[in-house]
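Q: I'd like a close look at one part of this model: the second largest pocket. Walk me through what lines it and where the lining elements turn up again.

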Amino acid sequence: MRIKVAIADDHPLIINGLESVLRHFPEIEITGTYENGAELLEKIDRHLPDVLLLDIQMPGKSGTELTTILSKKYPNLRILALTILENNYYIKTMLRNGASGYLLKNSKQETLIEAIRAVHAGEQYIEPSLKERVWRDMMKSNNQHELQPDLSRREKEVLQLIANEYTSQEIADKLFLSLRTVETHRLNLLLKLGMKNTAGLVKYAVQMGIVE
C-alpha cells in the first residue's frame, strides 16, 4: 500500500532534503510541498495526503494552530510534527491538538520512515528519546497533584471500555466517535496517568478505582 506524504516547512533546503530521502522508498508518494501555512491550507485538499510532515515554526499560523484546523477539517489526515523544538510543552500541545506523532529534524532516516509508517497505520509515534522525557514530566506532574487524576467524562468512558478490552475501532463505533478521536483520548490518558502502555493504564485505573 502506498503512503501519500506531504511536507510543510518554510525552509526549502529541509523540503529538498526530505524529498531526497523519501524518494528512496517505493511505498511513499510525495503529493505536495508547502512553505507557509496559508499555502498549506489553500492547496492541501488538491492532493490530500495520508501523512503530513509539519514544521511547528511556520510563517503566519503556527504548526499548533494548523494542526487544530487540519485535524478537524480532515479527520483521516495523520499529522507528524517535524521540528527542532524539544520542549515538552510543544510535544503535548501538538498531540492534544490532533497530531499523531512528534519527531526531531535531526532524527535518523530510519526513525523518520518508522514514524511515517506508524502514524499511517493509525498509531501514535514519539521519538523514543522524547517519549521518556514526556513520561517523566507527566509522572512528576501527577505526583504534584491529587492521587485521583482529573479526567473528563469522555476520557472516563473511553478508559472503561479500554479496561473492558474493546479495541479503538469498537470504542469509536460504540461512542459514535472517529477512530482518530479515540486514539487521541487513548494517548491523552497515557500522558495524564503517566503510563507507557495500555496494560499499565488499565492496572493503574483499576487500582485507583477509576474503572470497575
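A: First, the term: on a 1 Å grid over the protein atoms alone, a pocket is an open set of points with protein on both sides within 12 Å along at least five of seven lines. Keep in mind that this is a predicted model. With that in hand, the second largest pocket comes out at about 240 Å³. Its lining has 14 residues, and those closest to the centre are Gln124, Tyr125, Ile126, Lys131 and Leu187. Sorted by class, the lining is seven nonpolar, six charged and one polar. As for secondary structure, α5 (109-120), β6, α6 (128-143) and α9 each put in two or more residues, and α9 gives the most, with four.

Let's follow β6 out of the pocket. It covers 125-126 and is an edge strand, pairing on one side only, as does β2 (28-34) at the other edge. The sheet they belong to is open, with six strands in the order β2-β1-β3-β4-β5-β6 and parallel pairing. β6 pairs with β5 (residues 101-104) over two bridges, again in the parallel sense. Here Ile126, one of the residues closest to the pocket centre, stands opposite Tyr102.

Tyr102 then takes us into the largest nonpolar core. That core has 26 residues, and Tyr102 is among those that touch the most other members, along with Leu40, Ile44, Leu52, Leu54 and Leu70. β5 and α9 both supply at least two residues to this core, and so do β1 (3-8), β3 (51-54), α3 (63-73), β4 (78-83) and α4 (88-96). The largest share, three residues, comes from α4. As a rule, nonpolar side chains in soluble globular proteins tend to be buried together.

Now back to α9, because there's a closed space to consider too: a cavity is a set of points where a 1.4 Å probe fits but cannot get out. The largest cavity has a volume of about 30 Å³, and α9 (residues 179-193) gives the most to its lining, with three residues. The full lining is Arg78, Gly98, Ala99, Ser100, Gln124, Arg180, Glu183 and Thr184. Gln124 is thus a link, because it lines the cavity and is also among the residues closest to the pocket centre. By class, the cavity lining has four polar, three charged and one nonpolar residue.

Notes. Residues are numbered from 1 along each chain as its sequence is written. This is a predicted model: local features need pLDDT of at least 70, side-chain atom pairs count only at pLDDT 80 or more; totals for chains, interfaces and linings use all residues. Side-chain values use heavy atoms; hydrogens and water are left out. On a 1 Å grid over the protein atoms alone, a cavity is a set of points where a 1.4 Å probe fits but cannot get out, and a pocket is an open set with protein on both sides within 12 Å along at least five of seven lines; lining residues have an atom within 4 Å of a point. Grid points are joined across faces, edges and corners, and a volume is the space filled by probe spheres set on the points. Ala, Val, Leu, Ile, Met, Phe, Trp, Tyr, Cys and Pro count as nonpolar, Asp, Glu, Lys and Arg as charged, and the others, Gly among them, as polar. Two strands pair if DSSP finds at least two bridges between them. A nonpolar core is a set of buried Ala, Val, Leu, Ile, Met, Phe, Trp, Tyr and Cys residues joined through side-chain atoms within 4.5 Å. Buried means under 20% relative accessible area, exposed over 50%, partly exposed in between (1.4 Å probe, protein chains only).
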